[in-house]
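Please look at the sequence and the structure below, and keep both at hand while reading. The exchange that follows asks on what grounds each structural term is applied.

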Amino acid sequence: MKSKRLLFALLLLLSINIYSQQQAPKADVPLRHHLVPVPASLSFRPGRMALTNSFRVAVDGHRDARLQGAIERTLKRLGDRTGSVLQRGLASDTRGAGLVIQTQSAGQAIPSLNEDESYTLEVMATQAQLI
């Protein structure tokens with residue numbers, strides 16, 4: 001898993017979270033997003049996930065310095081944008097984490113166009129999962 005992919009997905013989560021906090025959707029108005037690049041598929045579900053000071057990230061699968069660095073940069077950026085003081089470092093348990101990142105293996109040392117950067121992001125009321 002490349003840190004670029006992780007950073008994009010975390011920014012996607014941030015964008016969805018900020019968007020959902022700014023507006024309550026109306027039944028007769030189609031939902032819009034401000035995601036760049038535009039995902040191939042996107043569906044909105046009812047409910048919201050609150051971003052609190054206890055928000056933590058856990059990794060299920062391969063971990064390395066590149067992934068850890070991407071998580072730290074994203075948490076800093078997310079904290080700066082929201083004004084929240086987010087805890088740094090990885091959570092030791094996936095059950096209490098606000099975001100669980102599931103990885104299969106390390107990304108290539110040199111990024112390639114042949115790498116599969118597809119992912120699924122599921123946001124529920126208490127936890128988001130990046131698979």
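The questions and answers below concern a predicted model, and they set each computed value against the cut-off that gives a term its meaning.

Q: What makes the fold pattern of the protein chain α-β-α-β-β-β?
A: The protein chain has two helices and four strands, and reading these elements along the sequence gives the pattern α-β-α-β-β-β.

Q: How do you know which strands are the edge strands of the sheet?
A: The sheet is open, with four strands in the order 1-2-4-3 and mixed pairing. Strand 1 (57-60) and strand 3 (121-123) each pair on one side only, and they are therefore the edge strands. From one strand to the next, the twist averages 15°.

Q: Why are strand 3 and strand 4 said to pair?
A: Pairing requires at least two bridges between two strands, and three bridges join strand 3 to strand 4 (residues 128-130), so the requirement is met. These two strands run antiparallel, and within them Val-123 of the one stands opposite Ala-128 in strand 4. In general, the strands of a sheet pair through backbone hydrogen bonds, either parallel or antiparallel.

Q: Why is Ile-101 called buried?
A: Ile-101, whose place is in strand 2, has a relative accessibility of 0%. Buried means under 20%, so Ile-101 counts as buried. Its C-alpha atom is 9.9 Å from that of Ile-71, although Ile-101 and Ile-71 are 30 residues apart in sequence.

Q: What makes up the largest nonpolar core, and which elements supply it?
A: The largest nonpolar core has 15 residues, and those with the most contacts inside it are Phe-55, Val-57, Ile-71, Leu-75, Leu-99 and Ile-101. Strand 1, helix 2 (65-82), strand 2 (99-102) and strand 4 each supply at least two residues of this core, and the largest share, four residues, comes from helix 2. A set of this kind is called a nonpolar core because its members are buried nonpolar residues joined through side-chain atoms within 4.5 Å. As a general tendency, nonpolar side chains in soluble globular proteins are buried together. Over the protein chain, buried residues make up 34% of the 131 residues.

Q: Is Gly-98 buried or exposed, and on what grounds?
A: Gly-98 lies in the loop between helix 2 and strand 2, and its relative accessible area is 8%. This value falls under the 20% limit, so Gly-98 is buried. The C-alpha atoms of Gly-98 and Phe-55 are separated by 5.1 Å, with their positions 43 residues apart along the chain.

Q: Why is the contact of Asp-80 with Lys-76 called a salt bridge?
A: The closest N and O atoms of Asp-80 and Lys-76 are 2.8 Å apart, and the limit for a salt bridge is 4 Å, so the pair qualifies. Being four residues apart in helix 2, Asp-80 and Lys-76 are separated by about one helical turn. At 54% relative accessibility Asp-80 is exposed, because exposed means over 50%. Lys-76, at 41%, is partly exposed.

Q: How do you know that Arg-95 forms a salt bridge with Asp-93?
A: For Arg-95 and Asp-93 the closest N and O atoms are 3.1 Å apart, which is within 4 Å, and the pair therefore counts as a salt bridge. By this rule the count comes to two salt bridges. Arg-95 is exposed at 71% relative accessibility. Asp-93, in the loop between helix 2 and strand 2, has a relative accessible area of 33%, and since this lies between 20% and 50%, Asp-93 is partly exposed. The C-alpha atoms of Asp-93 and Val-59, 34 residues apart along the chain, are separated by 8.8 Å.

Q: What makes Leu-31 eligible for a nonpolar patch on the surface?
A: A patch takes residues with over 30% relative accessible area, and Leu-31 is partly exposed at 38%, so this condition is satisfied. Leu-31 sits in the loop between helix 1 (3-22) and strand 1. Together with Leu-42 and Phe-44, Leu-31 forms a nonpolar patch with about 220 Å² of accessible area.

Q: Why is Asn-53 called partly exposed?
A: The relative accessible area of Asn-53 is 45%, and because this value is in between the limits of 20% and 50%, Asn-53 is partly exposed. Asn-53 has its place in the loop between helix 1 and strand 1, and its C-alpha atom is 7.0 Å from that of Gln-87, with the two residues 34 apart in sequence.

Methods: Residues numbered from 1 in each chain as written. Predicted model: local features only at pLDDT ≥ 70, side-chain atom pairs only at ≥ 80, totals over all residues. Heavy atoms only, no water. Axes fitted to C-alpha atoms, helices over the stretch in contact; angles between N-to-C directions. Patch = residues over 30% accessible without salt bridge, like charges linked within 9 Å, V, L, I, M, F, W, Y side chains within 5 Å. Areas by Shrake-Rupley, 256 points an atom, 1.4 Å probe, with all protein chains shown as cover. Salt bridge = Lys/Arg side-chain N within 4 Å of Asp/Glu carboxyl O. Buried < 20%, exposed > 50% of the residue type's maximum accessible area, 1.4 Å probe, protein only.
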